[in-house]
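Open the model in your viewer and keep the selection panel at hand. The stops below go from the ligand to the domains and then to a sheet.

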Amino acid sequence: MTLVAAPSAAVAPWTCPFCPLLCDDLAVAAAGPAGTLGLSGGECPRAQAALSRFTAEPSSASPSIDGRPCDLDAAVAAAARILAGSRQPLFGGLGTDVAGARALYRLACETGAICDAARGSELMQGQRTLQDHGGFLTTLAEVRTRADLVVLVGGLPARHAPRLLQRCGVGDAEGPERQVVLLGGKAGDEAELAGLARVAVKTVAPGADLFRTVAQLGALVGGRVVRDAGPGLADLAGRLHGASYAVFVGAVADLPAEGALIMEGLHRCVGELNLRSRAAVLWVGGGDGAATVNQTFAWLSGLPLRSRTGPAGIEHDPLRFDAVRLLDDGAVDALLWVSSFGPESPPPSTAVPRIVLGHPAAAPAGRDGTVFIPVSTPGIGTPGHLFRTDGSVVLPLLPVYTDGLPSVAEVVGRLTSAVVAARAGQAA
Ligand code: SF4
């Protein structure tokens, strides 16, 4: 592989891969005392923190087996032995791009692996809501150009997508005038929106139980009488009916356990509103490649994650194929963990043999039974593609520099060939 020089000037256009918004209006450049990467052209604490983990130099990270450095061939061979000897492998994390997902799908079919993303339960909340009831979803562009009422469910989703309001056009000096309602947020959220241009902010039911609040709002939107409705809910129902285009926006990660019930309640509100006006929902989630792998598996197999291809054909079970549950129950005997965007999603601690394809900073410290292979980050060291949070948009990722590490697709491709060869050897 030919290494190119690290960036000395800002690299633009650049698509940020570090949250599901995939902002493509920023640039990245070498910055900081240790030559770490930095953001330019805008501000985002999440992107800046992620970039600061990369030095603009080719990586010196090495694969390892049981904590001992080795070359890539030896690591792939050891990983193939684990998978070839496994009766039921689990592929978890799944932090990769479209090409990585396609390669993982082929390996999953070859090994009969069950596949679930890191924080797969969050992903399944939205998945199950759509499977059970459908919904009216929208895009960032449509919110920015059309929505005159934005209801932020559960408060500001700043932790998961810091530039969400900006991407929705909230506060644009030249955009449409908007009402922003903080539904069930925390005290102090409203102050963070003070001073935004052309925005009227209102807080409704701060800190309230979202299950109850959304149920009551749904009844009010449907024209039913709710005697003990929370403060401001009747007014919000009136605003929703009076808006030209109302949009509920929320971060799935901020919803409580069983948050699918809240999502379903809001989708019912939207269905009611769409009888007379226009409304939709925008859920923010599926970062670190989770939504991308989910979409890719769905188009390749017809089924989303928490599926496997086994003797019974293709099976999908959003409850039984939960990675945490499978590991806790001892229902799997090998784990392949993929996390190429950063070290924040480390592999779970488990007694089963682990293969970790990870960011160089995610190397497990000297643990027996673990094969570690450092991989490149799409959008930093290699090109790639990711699905944005609004589902219908796929964005290309351009590398900032060549880091000298293999991509997930490359490693998984080699692993698949090695597993096939190992199986052929076992059968001979
Ligand atoms: S909001 Fe998300 S995609 Fe946009 S710059 Fe920040 S981390 Fe990157």
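A residue counts as near a molecule or strand if its C-beta atom, placed from the backbone, lies within 6 Å of it. This is a predicted model: local features need pLDDT of at least 70, side-chain atom pairs count only at pLDDT 80 or more, and totals for chains, interfaces and linings use all residues. Residues are numbered from 1 along each chain as its sequence is written.

**Stop 1: the ligand.** Select the ligand and the 13 residues around it. Cys-16, Cys-19, Cys-23, Cys-44 and Arg-163 come nearest. Colour the shell by class: eleven residues are nonpolar, none polar and two charged. (Nonpolar means Ala, Val, Leu, Ile, Met, Phe, Trp, Tyr, Cys and Pro; charged means Asp, Glu, Lys and Arg; the others, Gly among them, are polar.) Domain 1 (11-51) and domain 3 (124-284) each supply at least three residues of this shell.

**Stop 2: the domains.** Now colour by domain, with bounds from an automatic or database domain assignment. Domain 2 has two segments, 64-117 + 288-427. Its centre and that of domain 1 are 26 Å apart, taken over C-alpha atoms. Twelve residues of domain 1 contact 13 of domain 2 (C-beta atoms, placed from the backbone, within 7 Å). On the domain 1 side, ten of these are nonpolar, one is polar and one is charged.

**Stop 3: the sheet.** Select strands E1 (11-14) and E3 (37-40), the edges of an open sheet. The order is E1-E2-E3, with antiparallel pairing. (Strands are DSSP runs of E, at least two residues, numbered from the N terminus; two pair if DSSP finds at least two bridges between them.) E2 (residues 26-30) pairs with E3 over four bridges. Finish on Val-28: its bridge partner in E3 is Leu-39.

Definitions and conventions: Contact = placed C-beta atoms within 7 Å.
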